[in-house]
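Visitor: Could you take me through one part of this model in close detail? I would like to look at the charged side chains.

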Amino acid sequence: MNNMTAAGLMQQIAEYEFLLADLNLYLDTHPSDTRALGDYNSYAAQLRTLKDKYIREYGPLENFGNSINFNGWQYNDRPWPWDIV
Amino acid sequence: MWLYEKRLLYPVSITRPNARMARLLLEQYAGGASELTAAVTYLNQRYTMPEGAVRAILTDIGTEELAHLEMVAGMITQCLAGLSQQDFKAAGMGGWYAAHRRSPFPADSSGVPWTAAYTVSSGDPAADIIADMAAEQQARTAYEGLISLSDDAAITDPLDFLRQREIVHYQRFGEALDIVRAS
């Protein structure tokens with residue numbers, strides 16, 4: 001994970017977030033499933049680590065104070081999600 | 001409130017311009033069973049739901065539909081990137097070019113503007129969730145139609161992702177209906 005490219009790190013973030021979105025929907029209708037809840041909390045902590053690393057090295061992912069802009073106001077910078085890269 | 005995350009839910013990278021598919025994709029952008037209809041419907045229904053679980057599932061699926069809407073808009077934008085004015089004309093899309101250039105806009109694949117009349121909010125929890133289950137099945141069918149009409153893997157791959165999400169949403173709404181009926 002130390003030498004990961006921006007694209008590689010972004011792919012990992014996307015995979016964790018997809019997993020967590022799907023688990024979130026499952027937990028909405030199965031709130032008593034403690035195993036799913038344990039998975040959710042564990043993956044959520046790992047996602048936070050991955051995002052913090054991405055944000056520090058490559059720029060903010062989120063708006064409204066949820067990402068620190070470490071190197072100037074990088075939020076404006078391309079690529080935006082719909083740019084062909 | 002909502003927070004924005006500057007990435008697509010699932011990657012989209014269409015490098016072959018495709019006017020025909022751009023127009024067809026409008027169906028899932030802002031047609032009757034589109035992502036826009038789903039997002040507005042679910043986020044509107046949640047306010048009067050008595051059960052926390054049903055408020056949660058409507059909030060979260062509604063939010064995911066907004067992310068799907070962004071994916072479809074990205075696909076349309078990429079399909080139109082690099083097309084000349086002549087390409088629009090040749091595809092019978094001179095009207096799109098005149099009114100919107102290369103921008104997506106909230107209408108269906110026949111050009112009919114999106115309307116709130118597509119949405120359902122009866123105020124009856126079971127009636128709403130049953131309508132949502134039907135909407136997810138309609139959306140799945142629409143994605144299957146779009147996949148069968150395209151031969152570019154860069155288009156069919158994200159469409160297949162979206163198709164599979166509609167199946168998961170249908171499942172979760174079925175469970176939400178059980179929760180509504182048990183309460």
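Visitor: How are A:Lys53 and A:Glu57 separated in helix H2 of chain A?

Guide: Happy to help, and please keep in mind that this is a predicted model. A:Lys53 and A:Glu57 are four residues apart in helix H2 of chain A, so about one helical turn separates them. The two form a salt bridge, and their closest N and O atoms are 3.1 Å apart. Their surroundings are worth a look too: A:Lys53 has a relative accessible area of 14%, which means it is buried because that value is under 20%. A:Glu57, on the other hand, is partly exposed at 42%.

Helix H2, which covers residues 34-58 of chain A, also holds A:Arg48 and A:Asp52, again four residues apart, about one turn of the helix. This pair forms a salt bridge with 3.2 Å between the closest N and O atoms. A:Arg48 is partly exposed, its relative accessible area being 34%, and A:Asp52 is partly exposed as well, at 40%. Both residues belong to a network of salt bridges whose members include A:Glu17, A:Lys51 and A:Glu62 along with B:Glu5 and B:Arg7 from chain B.

For a pair that joins two helices, turn to chain B. There B:Arg163 forms a salt bridge with B:Glu144, the closest N and O atoms being 3.3 Å apart. B:Arg163 lies in helix H7 and B:Glu144 in helix H6, so this pair ties together parts that are 19 residues apart in sequence. B:Glu144 is partly exposed, with a relative accessible area of 32%. Over all chains, the count comes to 15 salt bridges.

How values were computed. Residues are numbered from 1 along each chain as its sequence is written. Chains are lettered from A and ligands numbered from 1 in the order in which they are written. This is a predicted model: local features need pLDDT of at least 70, side-chain atom pairs count only at pLDDT 80 or more; totals for chains, interfaces and linings use all residues. Side-chain values use heavy atoms; hydrogens and water are left out. A salt bridge is a side-chain nitrogen of Lys or Arg within 4 Å of a carboxyl oxygen of Asp or Glu. Buried means under 20% relative accessible area, exposed over 50%, partly exposed in between (1.4 Å probe, protein chains only).
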